[in-house]
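Reader: I should be grateful for a close look at one part of this structure, namely the salt bridges and the surroundings in which they are set. Please treat the matter in one connected account.

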Amino acid sequence: MTSVDPRIANLDRGAALPRKNGELVFKAPWEGRAFGMAVVLNEKGAYAWDEFRARLVEEIAEGSPEYYESWLSAFESLLIDQGVMSVDELGRRASEYASLERDPVF
Amino acid sequence: MTKHDHHEQGDHGHHPEAPSDLEARTLALESLLIEKGLLTSEDVDRIISAYEHDIGPMIGARVVAHAWVDPDYRARLLNDGPAAIRELGYDYPTSTGLTVLEITEKVHHMVVCTLCSCYPWAVLGLPPTWYKSAPYRSRAVSEPRLVLEEFGVALPADVSVNVWDSSSDLRYMVLPERPEGTGGWTEEQLASIVSRDCMIGVARPRVPAEANR
């Protein structure tokens, strides 16, 4: 059995992951994907977990209504600032999905 | 919390209509990261699955480990499961009871939900797929010894088997026997050998072979 991941354990003081009786809860599949992507890229060494966590805390402090919306914004801003992708690239791709120009199954 | 677990997880499948803004942003991120060779969909699947399934039983495992090292706590746990779980700082819903079943040399316990998939997910995480299957739900009652054997738990004839049917109001968690060869282990080490299946009653905690070398 896996012990508690220290990355997750240190997400507290306002940045704690939503849980239902101790379990992580994803209300919609995209929340799970957003969660998984941020953890994977950290595992692969793209950034230190604290870099992500600091942005998440900031996003939450700005008062985004939903936890995973903050998570997504923090992840996007980190990738953009790191030069992994540009704002335009990301925006264009998102609108292609939103307008169904691009098939959401890949 | 809903009364039953079986409809809690919607199966959304494909998107017949346009994705929401948040969905579109997530799709954009994942597709771009894949194209750039930074991750694969399988990487993401693996993380989601690990967090949903493997880390799930951690609360139950810690409760069991604590009961193994502290006889007074063990007594409180058997007497009032939810209160003892809260005592360790975990949440336990007030709407559902939890009875903790102690395995002894002469009595084995296993848990099922014959009607659906009532499960103590507050302490064990998400139920495994087999727990929800029709064969397990019926055979756990009709031929528990055979089912246990299939899971790798062979019981001598003089050990009785109690099968407990979970309901929406009352859930069960099995307190397995502490295995030999774990003297001097820390609670964390002990918790690491208490699997989800041990707390459903279809497995025994196992001391890894290297620990005895």
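Author: The account below begins with chain B as a whole and then turns to the salt bridges and the nonpolar cores.

The model is a predicted one. In chain B the secondary structure amounts to 10 helices and 4 strands. Read from the N terminus, the order of these elements is α-α-α-α-α-β-β-α-α-α-β-β-α-α. Chain B has 213 residues, and 47% of them count as buried. Among the contacts in chain B with a separation of 6 or more, 68% are made by residues 24 or more positions apart. The exposed area of chain B is about 10300 Å², of which 51% is supplied by carbon and sulfur atoms.

Over all chains, the count of salt bridges comes to 17. One of them is formed by the side chains of Glu30(B) and Arg33(A), with an N to O distance of 2.8 Å. This pair joins two chains, because Glu30(B) belongs to helix H1 (residues 21-35) of chain B, while Arg33(A) belongs to helix H2 (residues 29-43) of chain A. Under 20% relative accessible area a residue counts as buried. Glu30(B), at 4% relative accessibility, is therefore buried, and Arg33(A), at 18%, is buried as well.

A salt bridge also connects the side chains of Glu43(A) and Arg46(B), at 3.2 Å from N to O. Here Glu43(A) lies in helix H2 of chain A and Arg46(B) in helix H2 (residues 41-54) of chain B, so this pair too joins two chains. As to accessibility, Glu43(A) is partly exposed at 41%, and Arg46(B) is partly exposed at 43%.

Within chain B, the side chains of Asp21(B) and Arg25(B) meet in a salt bridge of 3.6 Å, N to O. Both residues lie in helix H1 of chain B and are 4 residues apart, about one turn of the helix. Arg25(B) has a relative accessible area of 15% and is therefore buried.

Salt bridges also form a network, which links Arg93(A), Glu96(A), Arg102(A) and Glu35(B).

The nonpolar cores complete the setting. The largest nonpolar core contains 53 residues, and Val123(B), Tyr136(B) and Ile200(B) have the most contacts inside it. Helix H3 (residues 58-69) of chain B gives this core its largest share, 8 residues. Separate from it is a second core of 37 residues, which includes Val39(A), Leu90(A), Tyr97(A) and Val44(B).

A last site in chain B is Ala84(B), which is found in helix H5 (residues 81-87). Ala84(B) has 1% relative accessibility and so counts as buried. Apart from its neighbours within four places in sequence, Ala84(B) is in contact with Tyr73(B), Arg76(B) and Leu77(B). Between the C-alpha atoms of Ala84(B) and Val63(B), which are 21 residues apart along the chain, the separation is 8.3 Å.

Note on methods
Residues numbered from 1 in each chain as written. Chains lettered and ligands numbered in written order. Predicted model: local features only at pLDDT ≥ 70, side-chain atom pairs only at ≥ 80, totals over all residues. Heavy atoms only, no water. Buried < 20%, exposed > 50% of the residue type's maximum accessible area, 1.4 Å probe, protein only. Contact = heavy atoms within 4.5 Å. Areas by Shrake-Rupley, 256 points an atom, 1.4 Å probe, with all protein chains shown as cover. Core = buried A, V, L, I, M, F, W, Y, C linked by side-chain atoms within 4.5 Å. Salt bridge = Lys/Arg side-chain N within 4 Å of Asp/Glu carboxyl O.
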